[in-house]
Amino acid sequence: MTALRLLQRMKRDWMHTGRRPSGLCGAALLVAARMHDFRRTVKEVISVVKVCESTLRKRLTEFEDTPTSQLTIDEFMKIDLEEECDPPSYTAGQRKLRMKQLEQVLSKKLEEVEGEISSYQDAIEIELENSPPSRREGRWRPEILPRPLHGKAPVPPVGDLSSGMAAPDVAEEGASPCVLRRGWP
């Protein structure tokens, strides 16, 4: 009885137009079985009504888009909705039309953003051309010295052991340990 009521509702919502009745019957049987806690698989229903699984899925998604699918089981049994739904092919066409319009609006916004980005890129390139060259460009300015690490002054090299120079000796006793004296061989 529930499957018949579902089929009547599908007919009122224009789901039957241009479709074979076996797909609608399969969808109605599956929904009715699940409404009354009969666990039937999609394959079991397909073997009875002799339709493809994709056809059954399409009818179920079309039914899902109707206001009837939003009702609870008790409401479905007690209430008979008066309004009709648009045919699924019409709503699909409207959806495609809205998607095209949205696509056009987004492409216009994308063009605006790309134009703004290109103006910023042009401004950056002009600023880079007008700025003084840096060391990375191969023109190092000698007046700019490297900064010492961690606030300490750079330590000059004391001696080169490989060139025959001896290691530095510590200054005389009593002198500051920081003062170094070069020793000659």
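Helices and strands here are DSSP runs, numbered from the N terminus. By that count the chain has 6 helices and 2 strands, and their order along the sequence is α-α-α-α-α-α-β-β. The model on screen is predicted.

**Whole chain**

Start with all 185 residues selected and colour them by accessibility: buried residues make up 18% of the chain. If you draw contacts between residues at least 6 apart in sequence, 56% of them join residues at least 24 apart.

**The nonpolar core**

Next, select α1 (2–12), α2 (21–35), α3 (42–49) and α4. Each of these helices supplies at least two residues of the largest nonpolar core, which has 19 residues. Which helix gives the most to this core? Helix α2 does, with 7 residues. Now show Leu6, Met10 and Leu56 as sticks; these are the core residues that touch the most other members. As background, nonpolar side chains in soluble globular proteins tend to be buried together.

Stay on Met10 and display its surroundings. Leaving out residues up to four places away in sequence, Met10 touches Met15, His16, Leu24, Ala27, Ala28 and Phe63.

**Arg59**

Move to helix α4 and select Arg59. Is this arginine buried or exposed? Its relative accessible area is 11%, and the cut-off for buried is under 20%, so Arg59 counts as buried. With residues up to four places away in sequence again set aside, the contacts of Arg59 are Met15, Arg19, Gly23, Leu24 and Ala27. Met15, Leu24 and Ala27 are also among the residues that Met10 touches.

**The loop between α2 and α3**

Select Asp37, which lies in the loop between α2 and α3. Its phi is positive, about 60 degrees, although the residue is not a glycine. For comparison, most residues other than glycine have a negative phi. Asp37 is exposed, with a relative accessible area of 59%.

In the loop between α2 and α3 you will also find Thr41. This threonine is partly exposed, at a relative accessible area of 43%. Add Leu30 to the selection and set a distance label between the two C-alpha atoms: Thr41 and Leu30 are 11 residues apart along the chain, and the label should read 7.9 Å.

**The loop between α3 and α4**

Go on to Lys50, in the loop between α3 and α4. What is its phi? The angle is positive, about 60 degrees, and Lys50 is not a glycine. At 67% relative accessibility, Lys50 counts as exposed.

**The largest pocket**

For the last stop, turn on a pocket surface. The largest pocket has a volume of about 180 Å³. Of the 14 residues that line this pocket, select the ones closest to its centre: Glu62, Asp65, Pro88, Thr91 and Arg95. Two elements give two or more residues to the lining, α4 (53–64) and α6 (88–130). The largest share, 5 residues, comes from α6.

Colour the lining by residue class, and it divides into 4 nonpolar, 4 polar and 6 charged residues.

Finally, colour domain 1 (1–77) and domain 2 (87–129) separately. Where does the largest pocket lie with respect to these domains? Both domains give residues to its lining, so the pocket lies between them.

Technical notes:
Residues numbered from 1 in each chain as written. Predicted model: local features only at pLDDT ≥ 70, side-chain atom pairs only at ≥ 80, totals over all residues. Heavy atoms only, no water. 1 Å grid on protein atoms, 1.4 Å probe; cavity = no way out; pocket = protein on both sides within 12 Å on 5 of 7 lines; lining within 4 Å. Points joined across faces, edges and corners; volume = space filled by probe spheres on them. Helix = DSSP H or I, 4+ residues; strand = E, 2+ residues; numbered from the N terminus. Nonpolar A, V, L, I, M, F, W, Y, C, P; charged D, E, K, R; others polar. Domains from an automatic or database assignment. Core = buried A, V, L, I, M, F, W, Y, C linked by side-chain atoms within 4.5 Å. Buried < 20%, exposed > 50% of the residue type's maximum accessible area, 1.4 Å probe, protein only. Contact = heavy atoms within 4.5 Å.
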